[in-house]
Amino acid sequence: MTLLALPFPEIGPDIFSIEFGSFTFALRWYAMAYIAGIVLGWWLCRRAVLTPRLWGAAGPPLAPARLEDLVTWIVLGVVLGGRLGFVLFYQPGYYLANPAEILMIWQGGMSFHGGMLGVAVALILFHIRHRVPLLPLADLLALATPIGLFLGRLANFVNGELWGRPTDLPWAVIFPGAAAQDCAGVAGLCARHPSQLYEALLEGALLGTVLLWLAWRRGAFQRPGLLTGVFLMGYGTARALVEFVRQPDAQFAGPGNPLGYALQLGQAGLTMGQILSMPMIAAGVWLALRAVRSERLRPDLPHA
């Protein structure tokens with residue numbers, strides 16, 4: 001099984017670390033992915049806002065100077081929503097018994113779906129406070145989000161976490177660690193799907209390219225809700241597909257449920273990632289159809 005597998009690259013989770021006596025300061029790739037994703041997303045949003053032709057007569061939803069305020073709201077939504085989503089969706093029993101650990105985000109445990117809900121709440125509050133149009137604002141963030149997803153999934157790979165199920169495909173990776181090498185029925189080294197890279201390519205590179213093309217070439221910003229709808233459909237579909245080869249969440253897997261279904265129906269079922277992605281896909285389809293229907297009332301728009 002491991003003859004054609006790829007060895008895990010010799011790279012640790014820390015970019016660098018500095019020791020001050022008993023205290024160690026470390027900059028991790030995962031933290032850098034968050035920082036770089038926010039900075040590059042802000043740059044892309046600013047570039048879009050400063051390009052009037054993308055928005056038509058309505059213009060951008062906010063001034064460039066207001067973007068810094070928006071970034072603050074988004075960061076809070078991502079961190080708080082991501083952490084609370086992980087607590088509620090994946091390990092509610094554990095954190096109910098250990099409530100003091102809920103805010104210990106440095107120990108790991110973030111949920112994208114929770115972060116997305118946190119961002120949605122932050123957007124609504126920002127919309128109410130600053131009286132900016134909600135859907136164009138959501139479209140702006142949808143355009144920037146795949147950058148952070150791409151970098152975040154690469155950081156997951158570097159950290160050797162969220163790997164896939166065992167496989168004998170030639171691009172399988174031998175991840176380090178006892179948990180990654182605990183593969184039932186596999187003799188010797190265990191190779192797994194690099195599911196983090198699958199998600200980086202689908203949720204990040206591919207989805208980001210589609211959104212950029214729609215925004216810059218097809219006038220998508222002039223159809224409020226279209227980019228948001230495409231993002232929700234694209235992410236939800238990509239995540240649901242990758243879940244078929246991603247290692248199941250340990251808290252759901254068991255002797256009678258080796259594939260880690262959160263909802264099991266006989267020998268089949270759905271993982272938590274697939275369950276949480278289904279409402280995203282449905283909401284995305286509704287938003288995209290709504291935007292396309294509104295196009296019929298705007299003959300001045302370029303055809304998507």
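How much accessible surface does the protein have, and what percentage of it belongs to carbon and sulfur atoms? The accessible surface comes to about 16,200 Å², and carbon and sulfur atoms account for 69% of that area. Keep in mind as you read that this is a predicted model.

## The whole protein

Let's start with the overall plan. The protein has eight helices and six strands. If you walk along the sequence, you meet them in the order β-β-β-α-α-α-α-α-β-α-α-β-β-α. The radius of gyration is 21 Å, close to the 19 Å that the globule rule gives for 304 residues, so the protein is as compact as a globular protein of that length. Its C-alpha atoms fill a box of roughly 65 × 55 × 40 Å along the principal axes.

Two percentages help you look inside. Of the 304 residues, 40% are buried. Now take the contacts between residues at least 6 apart in sequence: 69% of them join residues at least 24 apart.

## A hairpin and a nonpolar patch

Next, turn to strands E2 and E3. Strand E2 covers residues 14-20 and strand E3 covers residues 23-28. The two run antiparallel and are joined by six bridges. One pairing to look for is isoleucine 18, whose bridge partner in E3 is phenylalanine 25. Two residues lie between the strands of this hairpin, and glycine 21 takes a positive phi there, near 65°.

Both residues of that pairing, Ile18 and Phe25, also belong to a nonpolar surface patch of about 970 Å². Other members include Ile15, Phe16, Phe20, Phe23, Trp29 and Met32. Which elements give two or more residues to the patch? They are E2, E3 and helix H1, which spans residues 29-49.

Tryptophan 29 is one of the patch residues, and it is found in helix H1. Is tryptophan 29 buried or partly exposed? With a relative accessible area of 31%, tryptophan 29 is partly exposed, because a residue counts as buried only under 20% and as exposed only over 50%.

## Two buried residues in helices

Now for a look at two residues with low accessibility. Leucine 276 lies in helix H8, residues 272-295. Its relative accessibility is 17%, so leucine 276 counts as buried. Setting aside residues up to four places away in sequence, leucine 276 touches Phe89, Tyr90 and His113. Leucine 276 also illustrates how a chain can bring distant positions together: phenylalanine 112 is 164 residues apart from it in sequence, while their C-alpha atoms are 9.8 Å apart in space.

Threonine 228 is in helix H7, which runs over residues 226-242. This residue is buried too, with a relative accessible area of 11%. Which residues does threonine 228 contact, leaving aside neighbours within four places in sequence? They are Leu135, Ala138, Asp139, Ala142 and Leu287.

## Salt bridges

Finally, look at the charged side chains. A search of the whole structure finds six salt bridges. Here are three of them, with the N to O distance for each.

| Acidic residue | Arginine | N to O distance |
|---|---|---|
| Aspartate 69 | Arginine 66 | 3.5 Å |
| Glutamate 199 | Arginine 246 | 3.1 Å |
| Glutamate 243 | Arginine 246 | 3.8 Å |

The surroundings of these residues are worth checking in the viewer. Aspartate 69 is partly exposed, with a relative accessible area of 34%, and arginine 66 is partly exposed as well, at 35%. In contrast, glutamate 199 is buried, with a relative accessible area of 1%. Its partner arginine 246 counts as buried at 8% relative accessibility, and glutamate 243 counts as buried at 6%.

What does the salt bridge between glutamate 199 and arginine 246 tie together? Glutamate 199 lies in helix H6 (residues 195-217), and arginine 246 lies in the loop between H7 and strand E5 (263-265), so the pair ties together parts that are 47 residues apart in sequence.

Arginine 246 appears in two rows of the table, with glutamate 199 and with glutamate 243. Sharing partners in this way, salt bridges join Arg153, Glu199, Glu203, Arg239, Glu243 and Arg246 into one network.

Conventions
Residues numbered from 1 in each chain as written. Predicted model: local features only at pLDDT ≥ 70, side-chain atom pairs only at ≥ 80, totals over all residues. Heavy atoms only, no water. Pairing = 2+ DSSP bridges. Helix = DSSP H or I, 4+ residues; strand = E, 2+ residues; numbered from the N terminus. Patch = residues over 30% accessible without salt bridge, like charges linked within 9 Å, V, L, I, M, F, W, Y side chains within 5 Å. Areas by Shrake-Rupley, 256 points an atom, 1.4 Å probe, with all protein chains shown as cover. Salt bridge = Lys/Arg side-chain N within 4 Å of Asp/Glu carboxyl O. Buried < 20%, exposed > 50% of the residue type's maximum accessible area, 1.4 Å probe, protein only. Rg over C-alpha atoms; globule rule 2.2 N^0.38 Å. Contact = heavy atoms within 4.5 Å.
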